[in-house]
Amino acid sequence: MELLVHGVGGTTPEKMLGDPRTVRVTGDDTAAVFRRADDVPDPTGNASQALDATPGRDPVREAYVWCNLTSGNGTRALWLLLLPFMVVNLAHWMRPAAKSPGPMVRLYGLLVRLAALTLTVVLVAAACEVALDLVAWQCAGAPACAGRHSWLAFLSPARSDGGWWSEPGRRLALAALAPTLLTALLWYLSHRTWSAYESHQPLTVTVEPGPDESALGRPGFWYGRRLGARLRAAHTAAGLLTVAAAVTLPAARFDHRPGGPAPLNALGVLLGLGILLWACAVVSVVCRRGRSERRLDQALDRHLLRALPLGAAALLLLGAAYACWSRPGWHSAGRLPGDPAFGALMLAQGVLVVALAVVARQLHLRLPDPRAAMRGLGGPAVALLACALGGVASGGVAQRVADWLDGTRSLITGPPVTLTWQASAIPPVLAVLLVLTAVLARRTARLAHAERRRVRDEHPGEPEDPTRTRRIAHTRAMATLTDRAPLVVAVGSAATLLAGAGALAGSLAGGLAPAQAARHAVEPVRIAAETCQALGSWLIGVGFLLFVTWGRRAYKDASARRTIGILWDVGTFWPRAAHPFAPPCYAERAVPDLTWRAATWTERTGGRLVLSGHSQGSVLVAAAAWQLAPAVRNRVALLTYGSPLERLYGRWFPAHFGPTALAALHRDIGCWRNLHRRTDPIGGPVRLPAGHGPDVDHEPLPDPRAYGRTPEHPLPAPILGHSDYQEDPAFTRERDRLLARLRPDLPAPRPETGRT
């Protein structure tokens, strides 16, 4: 049998099997295995029952369709909000390879989990900034701003004649509902998606992978129930504690003034200490335990899972009640003290990223991998980009709400200066990236020019078509840009780190926005500061509108939702080991599906099986092969094509797809063959080290299959790039060779009725 697994973007079983009549053999509406209708045994068992393992005939083909895991209904558009969480979760898996798990490996995971925790706090703090500071404190406290928004009249002291809700503490307590509901929504989505995607238990394998094998073969790798539940509880508690602090601290500061009420002052101090102690408990839970991959860990820390969020919720309720206490003479002016909070978060994220870079570098030096992206620093760079995304998104939302509440910026003070400095750092970073883009464009043009001679040499004796030669050469040159991704990420992350450090220093130095801080500087500096501030605000506005437009379109349009699904196909392959609010890991459903199907079919039939994966599907079949028992692996072959196994995963995730892990998979699997093209921007060779058995990589397939018009190709052959590998004659030829190399066992007794 050949089990086909599609790649990014998804497809239909009819296209995969080349037949309009397909039948679902097993699975549900989310992910399922299909066969051609002619290959499905009838219920009486008298039809094509022996198709599964009949020598001398083409293999039965099955198609595993998993695209609905990443591009299903319209709610997938909401996953765009979780992009920073997804990116920081990727950083966890980008760890350099290590000979064995040790203190440095555990420290790496700990630092990423702490960085992920700060992202949750930043998101909830941004919601507090919008709801509590801009709306409830500033706009509702300014009569002119409240007059522009009639729905705030009941919160305004001037327009409600001193109504009950018009006191500052009560306004803050009411506004706290918004970030509280956001935190509850994140918890609900995380819990619901875990039940739908990641609750499927993998096939139990008792054999522990060897020291040179990938961790993907461990029994508990695709089942992170315990860690996921702990992180979900910790991040939920962190979000609620952030809201509790935003509600409690302004009232506590007022009560702590000279001559303030002593009971309320004492209560405020106690609440502050309670929030601080509970925050320490949350951090300790995040630091205490990592992933349990060596066994299927189904235990749950139920008392902890309840205590953390419930304790945080209790502190939030107490803080809201404390803030609602009547305080004569308390008026809202200026802005809430958000600058120290956002500045501290930026500083903490910077320290964590630098420490992560030190640890990653040490791991890389202990076990060097020349193909690893950025010499082992890919994980810290991606973690930094995740923090930058979170900061820019927070600042963008705050500035857009401030502009909406007060377009003239004369009625309210506006968001914290730290967020304005963050926005002003965007233009310099983009300028650096534009220069890098120009350099890469020039290199690509030179490479395309050099490729023209190679294209001509590959087709001797044929009349030259300059236009076609240029198209082929240009496609090949553009395909090499994927290999420049480490350079782009390195330059982008370095520019982001420097710009972020400058923004933090500028915001803490004088407490003024860039334009105000530079108004007495020399002319070039003043103009640059004003330009960066204005351009940064404009870019955030445009980005925010594009984000909303794309999300709205994705909610209504299935094709746009499928485009977002392509991003999730790559970003959500990995389990949620660092951030529980990241989009769900589809591989925790897909890998057990493939493993169960391969193991049960080979056990029942004793037949030979080819796991045939295209693009991201090749990563899924490799992960499934690692999960199979050794006796089953010997009857399974891998056929990968357009595969990013080494080109992307091997370079960016060396601890799990590095050369040692891929060589071990090649050793343990029955046989393996990989197809690729020079025009493919995603797939490439596996590049196994020398001396690891038969070659895996086929020579690059010709693309296009014919340069000019031929009797076999009377019309110009298209440049296929990453698609239509199965149409190449080499595909069928290599699949048949793989089946011939496998040694079938005697078929097991077949049931008289039912499907195989």
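**A seven-stranded sheet and its strand 4**

In this predicted model, 7 strands form an open sheet in the order 2-3-4-1-5-6-7, with mixed pairing. Strands, like helices, are DSSP runs numbered from the N terminus (strands E, at least two residues; helices H or I, at least four), and two strands pair if DSSP finds at least two bridges between them. The edge strands, strand 2 (22-27) and strand 7 (671-675), each pair on one side only. From one strand to the next the twist averages 20°. Residues are numbered from 1 along each chain as its sequence is written. Local features need pLDDT of at least 70, side-chain atom pairs count only at pLDDT 80 or more, totals for chains, interfaces and linings use all residues, and side-chain values use heavy atoms, without hydrogens and water.

Strand 4 (residues 61-65) runs antiparallel to strand 3 (residues 32-36), and 4 bridges join them. Here Arg35 has Glu62 as its bridge partner, and Val33 stands opposite Tyr64. With strand 1, strand 4 pairs in the parallel sense, also over 4 bridges; Glu2 has Arg61 as its partner there.

Strand 4 is mostly covered, with 5 of its 5 residues buried (under 20% relative accessible area; exposed is over 50%, partly exposed in between, with a 1.4 Å probe and protein chains only). Arg61, Ala63 and Val65 lie on one side, Glu62 and Tyr64 on the other.

Helix 19 (residues 587-605) lies across strands 1 to 5, at about 160° to strand 4. Helix 20 (residues 616-627) lies across strand 1, strand 5 and strand 6, at about 145° to strand 5. Such angles run from 0 to 180 degrees between N-to-C directions, with axes fitted to C-alpha atoms, for helices over the stretch in contact (heavy atoms within 4.5 Å).
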